[in-house]
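User: Hello! I have just opened this structure and would like a friendly walk through it. Could we take it in small steps?

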Amino acid sequence: SNSSVQFATINANIVTNLDAIGFRKTDNLLYGIHPANHTLHRIDATGTVENLATLPLDPSLFYMAGDVSPDGKYLVSIGSTGAGIDVQLAKTNLENGAFTTEFTSLNGSTRLVDIAFDPYTSVLYGYDAANRKIAGRNRINAARLAPVFSMSFKLENLSAASLLILPRMYK
């Protein structure tokens with residue numbers, strides 16, 4: 001074996017700019033937000049992209065971190081300023097067809113580069129680059145993500161991660 005990795009394009013027409021992407025296990029589809037126009041997209045296994053709705057997100061914020069809740073009801077995304085400071089949590093309903101979005105203000109003390117739900121406890125975790133900690137919250141509408149794990153090393157280039165294993169590694 002030569003340990004090489006080969007990638008195959010499944011669909012050349014996939015929208016290339018999607019952030020706040022999460023996998024929804026209830027329908028086996030990916031959901032994400034286009035960064036320029038805040039449209040919600042759904043992607044199936046063949047790479048077919050469906051534009052679902054334009055979300056009422058703050059146009060001055062960037063929604064880079066996101067995940068689908070374990071029950072499949074919500075796409076949760078974090079709205080950050082141009083400086084990367086988290087100021088808003090957006091919870092988009094994936095079940096009601098209107099894709100209504102609820103907002104919770106955050107206190108601006110974190111810079112979450114990615115988030116992920118623990119599928120067993122439904123706790124939302126994220127890597128806070130500002131404080132070099134794994135932050136978590138039990139309720140997705142709480143105004144603050146509490147630090148739950150300190151990192152003894154600095155992760156400089158963490159842009160996306162499946163954080164589901166981290167809480168189990170550090171217990």
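**A guided tour in questions**

Analyst: Happy to. Let us start with a pair of strands: strand β6 (residues 74–80) and β7 run antiparallel and are joined by seven bridges. Please keep in mind that this is a predicted model.

User: Which residue of β7 stands opposite V76?

Analyst: The strands β6 and β7 are antiparallel partners. Across from V76, in β7, stands K91.

User: Which residue in the turn between β6 and β7 has a positive phi?

Analyst: The two strands form a hairpin, with five residues between them. In that turn, a positive phi of about 90° belongs to G84.

User: Is strand β7 largely enclosed or not, and how many of its residues are buried?

Analyst: Strand β7 covers residues 86–93, eight residues in total. A residue counts as buried when its relative accessible area is under 20%. Strand β7 is largely enclosed by the rest of the structure, because the number of its residues that are buried is seven.

User: β7 also pairs with β8. Which residue of β8 is opposite Q88?

Analyst: β7 and strand β8 (residues 101–105) are antiparallel, with five bridges between them. Opposite Q88, in β8, is S105.

User: Over the ring of which residue does the charged end of K91 sit?

Analyst: We have already met K91 as the residue opposite V76. Its charged end is 4.6 Å from the centre of a ring, and sits over that ring. The ring belongs to Y74.

User: How many aromatic pairs are there?

Analyst: For a pair, ring centres must lie within 6.5 Å of each other. By this rule the count of aromatic pairs is zero.

User: What is the overall order of elements in the chain?

Analyst: The chain has one helix and twelve strands. Reading from the N terminus, the order is β-β-β-β-β-β-β-β-β-β-β-β-α.

User: What share of the chain counts as buried?

Analyst: The chain has 171 residues. Of these, the share that counts as buried is 43%.

User: How is β3 paired with β2, and which residue of β3 is the bridge partner of I33?

Analyst: Strand β2 (residues 29–33) pairs with β3 in the antiparallel sense, over four bridges. In β3, the bridge partner of I33 is L40.

User: Which residue of β4 is opposite T39?

Analyst: β3 also pairs with strand β4 (residues 49–54), in the antiparallel sense and over five bridges. Across from T39, in β4, is T54.

User: Which residue takes a positive phi in the hairpin of β3 and β4?

Analyst: That hairpin has five residues between its strands. The residue with a positive phi, near 90°, is G47.

User: Why is β3 said to be largely enclosed by the rest of the structure?

Analyst: Strand β3 (residues 39–43) has five residues. It is largely enclosed because, of these five, the number buried is four.

User: What is the phi of H38, and is H38 buried or exposed?

Analyst: H38 lies in the loop between β2 and β3, and that hairpin has five residues between the strands. Although H38 is not a glycine, its phi is positive, at about 55°. With a relative accessible area of 7%, H38 is buried.

User: Where is A20 found, and what is its phi?

Analyst: A20 is found in strand β1 (residues 19–24). At 2% relative accessibility, A20 counts as buried. A20 is a residue other than glycine, and its phi has a positive value, near 50°.

User: What is the volume of the largest cavity, and which residues line it?

Analyst: The structure holds one cavity of 30 Å³ or more. Its volume is about 40 Å³. The lining is made of D19, I33, H34, P35, H38, L61, F62, Y63 and M64.

User: Which strand gives the most to that lining, and what classes are present?

Analyst: By class, the lining of the largest cavity has six nonpolar, two polar and one charged residues. Three residues come from the strand that gives the most, strand β5 (residues 62–68).

User: How far apart are the C-alpha atoms of L124 and V76?

Analyst: L124 lies in strand β10 (residues 124–128) and, at 0% relative accessibility, counts as buried. L124 and V76 are 48 residues apart along the chain. The separation of their C-alpha atoms is 9.4 Å.

Terms used:
Residues numbered from 1 in each chain as written. Predicted model: local features only at pLDDT ≥ 70, side-chain atom pairs only at ≥ 80, totals over all residues. Heavy atoms only, no water. Phe/Tyr/Trp six-rings, centres within 6.5 Å; stacked < 30°, edge-to-face > 60°. Lys NZ or Arg CZ within 6 Å of the ring centre and 35° of its normal. 1 Å grid on protein atoms, 1.4 Å probe; cavity = no way out; pocket = protein on both sides within 12 Å on 5 of 7 lines; lining within 4 Å. Points joined across faces, edges and corners; volume = space filled by probe spheres on them. Nonpolar A, V, L, I, M, F, W, Y, C, P; charged D, E, K, R; others polar. Buried < 20%, exposed > 50% of the residue type's maximum accessible area, 1.4 Å probe, protein only. Pairing = 2+ DSSP bridges.
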